[in-house]
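Visitor: Please show me the model, and then we can go through it by question and answer.
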Amino acid sequence: LIFSDYEEAAQRAIERGDYFSKSAPGGATNMWETFHRAISLYAGARQTKTNKFKKAAVKLHKRIVGWEKAGNPNVKHFVLVLEAESAALNNKVEMAKVKYQEAIA
């Protein structure tokens with residue numbers, strides 16, 4: 001994230017979109033880049049209460065969940081962190097705590 005400027009990071013995540021993954025299809029770092037965009041968008045949504053950031057975050061979250069369902073074992077912790085971020089955004093504090101704990105376990 002850009003020095004805790006979550007709104008700027010979220011805005012850049014929307015502007016850049018899937019440019020990275022389209023320019024390097026099949027790259028191992030695409031998972032990380034998608035995860036970081038989703039985190040930036042959730043953080044931006046929490047900071048600004050902007051629905052466009054939340055909508056974009058949910059879209060990327062679903063994509064990563066799809067990777068997990070397709071059998072990718074490398075995104076398990078990404079999914080848990082994003083579930084925690086989603087819960088925190090929706091004021092489900094206890095659920096967020098549980099998901100964060102599961103992610104670091």
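Visitor: What distance separates the end C-alpha atoms of helix α4, residues 51-69?
Guide: This is a predicted model, in which local features need pLDDT of at least 70, side-chain atom pairs count only at pLDDT 80 or more, and totals for chains, interfaces and linings use all residues. Residues are numbered from 1 along each chain as its sequence is written, and side-chain values use heavy atoms, with hydrogens and water left out. Helices are DSSP runs of H or I, at least four residues, numbered from the N terminus, and the expected span is 1.5 Å times one less than the number of residues. For the 19 residues of α4 that gives 27 Å, which agrees with the distance between its end C-alpha atoms, 27 Å.

Visitor: Which helices do the buried residues of α4 pack against?
Guide: Buried means under 20% relative accessible area, exposed over 50%, and partly exposed in between (1.4 Å probe, protein chains only). The buried residues of α4 include F53, L60 and I64. Their packing partners are α1 (6-16), α3 (30-48) and α5 (76-89).

Visitor: Is R37, the salt-bridge partner of D18, buried or exposed?
Guide: A salt bridge puts a side-chain nitrogen of Lys or Arg within 4 Å of a carboxyl oxygen of Asp or Glu; for D18 and R37 the closest N and O atoms are 2.8 Å apart. The pair links distant parts of the chain, with D18 in the loop between α1 and α2 (19-23) and R37 in helix α3. D18 is partly exposed at 21% relative accessibility. With a relative accessible area of 8%, R37 is buried.

Terms used
Helices (H or I, at least four residues) and strands (E, at least two) are DSSP runs, numbered from the N terminus. Contact means heavy atoms within 4.5 Å.
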